[in-house]
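Here is a set of exercises to work through with the model open beside you. Try each task before you read its solution.

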Amino acid sequence: MASLTIRQLDEASKKRLKLRAARHGRSMEDEARTILREASEAGEDRATPPERKKSARGTHAVPAPGVKRVLLIVGGGIAAYKSLDLIRRLKERKIAVRCILTKAAQEFVTSLAAGAIVGERVFTDLFDPAGEFDIGHIRLARETDLVVVAPATADLMAKLAGGHANDLATAVLLATDKNILLAPAMNPRMWSHKATQRNLAQLKADGVAFIGPNEGEMAESGERGLGRMAEPLEIAAAIEAQLKPRGALTGKRILITSGPTHEPIDPVRYIANRSSGKQGHAIAAAAAAAGADVTLVRGPVSLSDPVGVRVIKVETAREMLEAVEKALPADAAIFAAAVADWRMAGEHTQKIKKSGGKIPELSLTENPDILATVAKHKSKRPKLVIGFAAETENVARNAKAKLAAKGCDWILANDVSPATGIMGGDRNTIQFVTPSATETWPTQSKEDVAKMLIERIATALSGAKA
Ligand code: C5P
């Protein structure tokens with residue numbers, strides 16, 4: 001085996017070795033031996049299968065296809081302990097996590113604790129040969145869908161704003177081509193300091209996203225103010241939002257009603273209609289696919305919930321109105337539900353009995369008009385309010401009258417005469433009515449109608465003419 005003396009190393013390597021040895025409290029010779037041992041272990045490691053590689057200090061998993069990965073950088077602050085809970089929350093959401101602890105973070109949480117929760121080794125050192133040969137800082141920066149810093153200290157913010165890269169965390173932040181989300185945590189005075197605020201403005205201008213800080217009690221007794229790290233659940237939600245595919249409606253809140261309503265006659269009977277909810281559900285799915293934050297308020301349907309949509313289940317028109325009002329504000333609201341126009345005037349808490357051939361009189365009263373209520377809302381009217389009109393005759397004319405009467409921006413009118421097969425069917429023929437024009441869309445699947453509508457909404461919300 002060839003022998004190597006430290007004197008034979010070039011000056012730069014010698015300096016790095018000296019620094020490392022000092023950091024680990026070893027002699028330079030011992031440090032060199034450690035580096036060689038770790039490097040040879042890492043070399044063996046690269047020959048093992050890719051699914052679950054053994055590294056010098058543990059294992060690292062390759063996420064299954066479709067699973068998103070977050071690189072979590074834990075900064076040094078008392079809030080660091082909450083990052084362990086954040087890791088747990090992300091794993092609950094099936095998000096893979098890799099973790100870097102800064103030197104200061106290791107004063108608050110150990111690599112052992114973080115590694116145990118992550119389920120693989122955590123990364124701490126920029127000049128770690130085992131790490132560099134195995135998963136170097138460039139791979140850490142790139143093999144992720146999002147980089148999150150929680151807690152983001154004033155120091156980390158300053159370094160990132162200034163482009164420093166003198167440790168693993170900052171080198172990764174500089175080398176990444178992925179979005180960065182910071183969860184700042186610091187003393188309120190540090191947060192409001194001009195330097196921090198200057199760095200915040202710079203980072204925002206650079207496209208860095210932020211969650212928090214929140215207002216509240218500080219770890220230091222008696223101090224209150226803006227500077228608490230956002231709670232792990234809030235950070236997890238911000239991460240999920242960042243990981244959503246970016247589309248034409250990213251950042252927009254869309255509210256949709258769908259399905260029929262059921263209006264009880266008595267505890268066992270109800271007034272209903274033949275709406276399947278297919279069109280409203282397809283719109284909710286298309287809005288979510290376009291990146292919107294979607295709330296779907298739906299009456300009784302047998303459809304499964306669209307993926308990535310907040311679903312609120314209701315029975316009656318009055319419940320639907322209440323849920324819709326709670327879900328405001330929204331950028332656009334689409335009222336695709338076939339809301340029952342009437343409900344029973346009185347309440348029958350017991351089943352109505354058949355008595356001696358006498359036909360009961362069902363006296364009805366009008367339901368609230370949800371679309372009109374929202375379209376005429378004083379403070380929370382969405383920018384776009386869109387209705388449907390299910391007609392059996394004079395479709396376009398009736399739809400135009402409805403547009404004016406209800407105060408909405410657009411109406412999608414369709415002929416629901418039984419012969420068309422639209423009610424409950426998979427296809428739809430829409431007359432798209434605006435105050436200035438009426439268009440007839442081709443007969444197409446309800447999914448394609450939804451996509452066309454979502455494109456129109458995205459154009460209108462972006463400020464262009466629909
Ligand atoms: O039933 P009508 O033809 O008036 O429905 C037109 C539009 O108004 C639809 O978009 C429907 O969702 C909405 N609507 C409502 N609340 C009602 C009745 C209808 O939101 N009570």
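## Exercise 1: a helix pair

In α3, L84, I87 and R88 meet A113, A114, I117 and V118 of α4. Contact here means that two C-beta atoms, placed from the backbone, lie within 7 Å. Before going further, note that this is a predicted model, in which local features need pLDDT of at least 70, side-chain atom pairs count only at pLDDT 80 or more, and totals for chains, interfaces and linings use all residues. Residues are numbered from 1 along each chain as its sequence is written.

Task: classify the residues of the contact of α3 with α4, then describe how the two helices pack.

Solution.

Step 1. The residues of this contact divide into six nonpolar, no polar and one charged. The classes are nonpolar for Ala, Val, Leu, Ile, Met, Phe, Trp, Tyr, Cys and Pro, charged for Asp, Glu, Lys and Arg, and polar for the others, Gly among them.

Step 2. Two packed helices are described by the angle between their axes and the distance between the axes. Helix α3 (residues 80-92) and helix α4 (residues 111-118) have axes 9 Å apart, at an angle of about 15°. That makes α3 roughly parallel to α4. Angles under 35 degrees count as roughly parallel, over 145 as roughly antiparallel, 65 to 115 as roughly perpendicular and the rest as oblique. Axes are lines fitted to C-alpha atoms, for helices over the stretch in contact, and angles run from 0 to 180 degrees between N-to-C directions. Helices (H or I, at least four residues) and strands (E, at least two) are DSSP runs, numbered from the N terminus.

Step 3. The crossing of α3 past α4 is right-handed. A crossing has this hand if the near helix is turned clockwise from the far one by less than a right angle, and is left-handed if anticlockwise.

## Exercise 2: α7 and its surroundings

Task: find how α7 packs on α10, and which residues of α7 are buried.

Solution.

Step 1. Helix α7 (residues 154-162) and helix α10 (residues 194-205) cross at roughly 50°, and their axes come within 9 Å. That makes α7 oblique to α10. The crossing of α7 past α10 is left-handed.

Step 2. On the α7 side the contact is made by A154, M157, A158, L160 and A161, and on the α10 side by A195, T196, N199, L200, Q202 and L203. By class, the residues of this contact of α7 with α10 are eight nonpolar, three polar and no charged.

Step 3. A residue is buried if 20 or more other C-beta atoms lie within 10 Å of its own, exposed if 12 or fewer, and partly exposed in between. In α7 the buried residues are A154, L156, M157, K159, L160 and A161. Their cover includes β5, α8, β6, α9 (188-192) and α10.

Step 4. After α7 comes G163, with a positive phi near 75°.

## Exercise 3: the buried residues of α8

Task: which residues of helix α8 (residues 168-175) are buried, and what do they pack against?

Solution.

Step 1. The buried residues of α8 are L168, A169, T170, V172 and L173.

Step 2. These residues pack against β3 (69-74), β4 (96-101), α6 (137-142), β5 (146-152), α7 and β6 (179-184).

## Exercise 4: backbone details

Task: locate two cis peptide bonds and two positive phi values outside glycine.

Solution.

Step 1. A150 and P151 are joined by a cis peptide bond with omega about -5°, and P151 lies in strand β5.

Step 2. G212 and P213 are also joined by a cis peptide bond, with omega about 5°. P213 sits in the loop between β7 (209-210) and β8 (214-217).

Step 3. K94 has a positive phi of about 60° and lies in the loop between α3 and β4. With 11 other C-beta atoms within 10 Å, K94 is exposed.

Step 4. N394 has a positive phi near 40° and lies in the loop between β18 and α15 (395-406). With 12 other C-beta atoms within 10 Å, N394 is exposed.

## Exercise 5: the ligand shell

Task: which residues come nearest to the ligand, and which element gives the largest share of the shell?

Solution.

Step 1. There are 15 residues around the ligand, and F335, V339, I370, L371 and G387 come nearest. A residue counts as near if its C-beta atom, placed from the backbone, lies within 6 Å of the molecule or strand in question.

Step 2. α14 (370-375) and β18 (384-391) are the elements that give two or more residues to this shell. The largest share, four residues, comes from β18.

Step 3. By class, the shell has nine nonpolar, three polar and three charged residues.
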